Amino acid sequence: MKKKQDTLIVTAGRDPEANFGIVNPPVYHASTVLYPTLEAVKTRAQPVTYGRRGTPTTFALQDAIAELEGGYRSLLTPSGLAAVTTALLAHLKSGDHLLMTDSVYEPSRQFCDKVLTRYGIDVEYYDPRIGAGIAALIRPETKVIFTEAPGSVTFEVQDIPAIAAAAHGADALLMMDNTWASPLYFKPFEHGVDVSIQAVTKYLCGHSDVMMGAITTTEAAWNETLATHGALGVCTGPDDIYLVLRGIRTLSVRLERHMETGLKLARWLAARPEVTRVIHPALPDHPDHAIWKRDFTGASGLFSIELIPCSEAALAAFLDGLELFGMGYSWGGFESLIIPQYPAKIRTATKWNGTGQILRLHAGLEDADDLIADLEAGFERFHTA
Ligand SMILES: *Cc1c(COP(=O)(O)O)cnc(C)c1O
């Protein structure tokens with residue numbers, strides 16, 4: 001049976017018959033794995049070989065994520081950032097050229113600037129809105145084009161199919177950080193992506209208690225990814241994996257609510273005099289709304305706003321007194337978050353065209369009207385400060 005997505009979320013990676021009929025997979029704690037014979041030691045022809053290489057607990061989540069993303073296979077990493085760094089190391093070598101979106105998650109950028117450049121890889125940032133124009137930047141040494149859509153602070157939605165066509169025309173690999181939409185609202189492999197990255201820490205986990213990443217690839221990109229992942233020694237703990245296996249079963253209902261509340265907050269904020277713009281791809285006035293509508297099937301709960309010019313004291317009065325919105329990094333959990341961001345300081349290929357303070361919001365699963373009341377009280381403090 002060809003399963004629809006909400007069914008897949010329930011069935012992916014589960015095989016109760018292999019485990020006494022128990023609904024969820026067991027949590028295997030393992031380092032040593034025994035081999036029955038000398039022959040088995042020499043061939044390593046058994047599914048589980050060593051704890052670092054994964055156990056049936058690991059394989060259950062890897063299978064589930066591969067199925068949801070629509071790729072060939074997946075690997076887990078100890079953080080979302082480790083998924084980015086492992087994927088890049090797997091497909092780049094000294095002398096290669098990497099095209100990296102200027103809107104990329106800042107720690108991914110630091111890895112490129114501080115580590116990849118030391119190994120002789122030429123890192124070039126490009127305008128996330130370049131689309132098919134990326135072809136002009138591709139050189140014979142260009143091996144990877146890295147995308148993130150939308151950017152997790154500034155929310156440019158990249159034209160993935162156009163960039164994929166240019167990459168594949170030049171024998172380069174297209175990587176995408178697909179964390180914002182999760183595998184539910186964007187299907188990377190249907191749009192030409194070769195290597196898709198998830199910060200599992202965010203929505204797949206969904207409960208703000210696990211750090212994890214996943215790399216999913218096409219069959220063609222698999223062997224090199226697997227070899228480098230194995231060589232780097234990155235592995236993931238079974239209890240964390242179990243928490244994510246539990247978290248993904250409710251992903252469809254959680255994301256729907258994150259989307260609904262996020263849109264309600266975004267529309268309310270758009271009408272506020274303290275807000276100069278709301279940066280949310282699902283709003284019709286977003287510059288990339290048409291691309292989002294063409295390629296994505298939903299929006300998560302993460303978006304940004306730009307405030308009118310204000311004093312630091314007014315900003316602090318607004319943020320410090322919030323009761324429901326916590327101030328902290330990461331997102332994708334059940335709770336609402338807000339954090340100031342400074343995109344103008346980070347970019348090199350493009351200029352951030354805004355002067356007001358950017359605040360990034362994550363719409364959690366609280367009652368939307370309570371969240372609005374929290375923000376409304378904040379704006380009152382903003383004016384009296
Ligand atoms: C959070 C995040 C990451 C990194 O994930 P960690 O698990 O925090 O290392 C990577 N990409 C994006 C878009 C993110 O938001």
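How many bridges join β10 to strand β11? Keep that one in mind for the first view; the model in all of these views is a predicted one.

**View 1. The β10 and β11 pair, up close.** Five bridges join β10 to β11, which covers residues 358-362, and the two strands run antiparallel. To find your place along the pair, look for L337, which stands opposite H362 in β11.

**View 2. The open sheet of four strands.** Step back from that pair and you get the order β8-β9-β11-β10, with antiparallel pairing. The edges belong to β8 (275-279) and β10 (337-341); each has a single partner strand, so one side of each is left without a neighbour in the sheet. On average, neighbouring strands here are turned by 25° against each other, ignoring direction.

**View 3. Helix α10 lying across the sheet.** Here α10, residues 251-270, lies across β8, β9 and β11. Check its direction against β9 (302-307): the helix runs at about 10° to that strand.

**View 4. A small enclosed space beside β10 and β11.** One cavity of 30 Å³ or more turns up in the model, and its volume is about 30 Å³. Its lining includes L337 and H362, the opposite pair from View 1, along with W331 and R360. Both β10 and β11 give two or more residues to this lining. Sorted by class, the lining comes out as six nonpolar, three polar and one charged.

**View 5. The largest pocket, between two domains.** Domain 1 (5-248) and domain 2 (251-384) both give residues to the lining of this pocket, so it lies between them. Its volume is about 650 Å³. Of the 34 residues that line it, Y105, E106, P107, S152 and R360 lie nearest the centre. The elements giving two or more residues to the lining are α4 (80-91), α5 (106-114), β6 (195-199) and β10. The lining residues divide into 17 nonpolar, 10 polar and seven charged. You've met R360 already: it also lines the cavity in View 4.

**View 6. The second largest pocket.** This one holds about 550 Å³ of space. It has 27 lining residues, and R53, F59, Q62, L75 and L226 are the ones nearest its centre. At least two lining residues come from each of α3 (56-69), β1 (73-77) and α8 (222-232). By class, you'll find 12 nonpolar, 11 polar and four charged residues around it.

Technical notes:
Residues numbered from 1 in each chain as written. Predicted model: local features only at pLDDT ≥ 70, side-chain atom pairs only at ≥ 80, totals over all residues. Heavy atoms only, no water. Pairing = 2+ DSSP bridges. Axes fitted to C-alpha atoms, helices over the stretch in contact; angles between N-to-C directions. Contact = heavy atoms within 4.5 Å. 1 Å grid on protein atoms, 1.4 Å probe; cavity = no way out; pocket = protein on both sides within 12 Å on 5 of 7 lines; lining within 4 Å. Points joined across faces, edges and corners; volume = space filled by probe spheres on them. Nonpolar A, V, L, I, M, F, W, Y, C, P; charged D, E, K, R; others polar. Domains from an automatic or database assignment.
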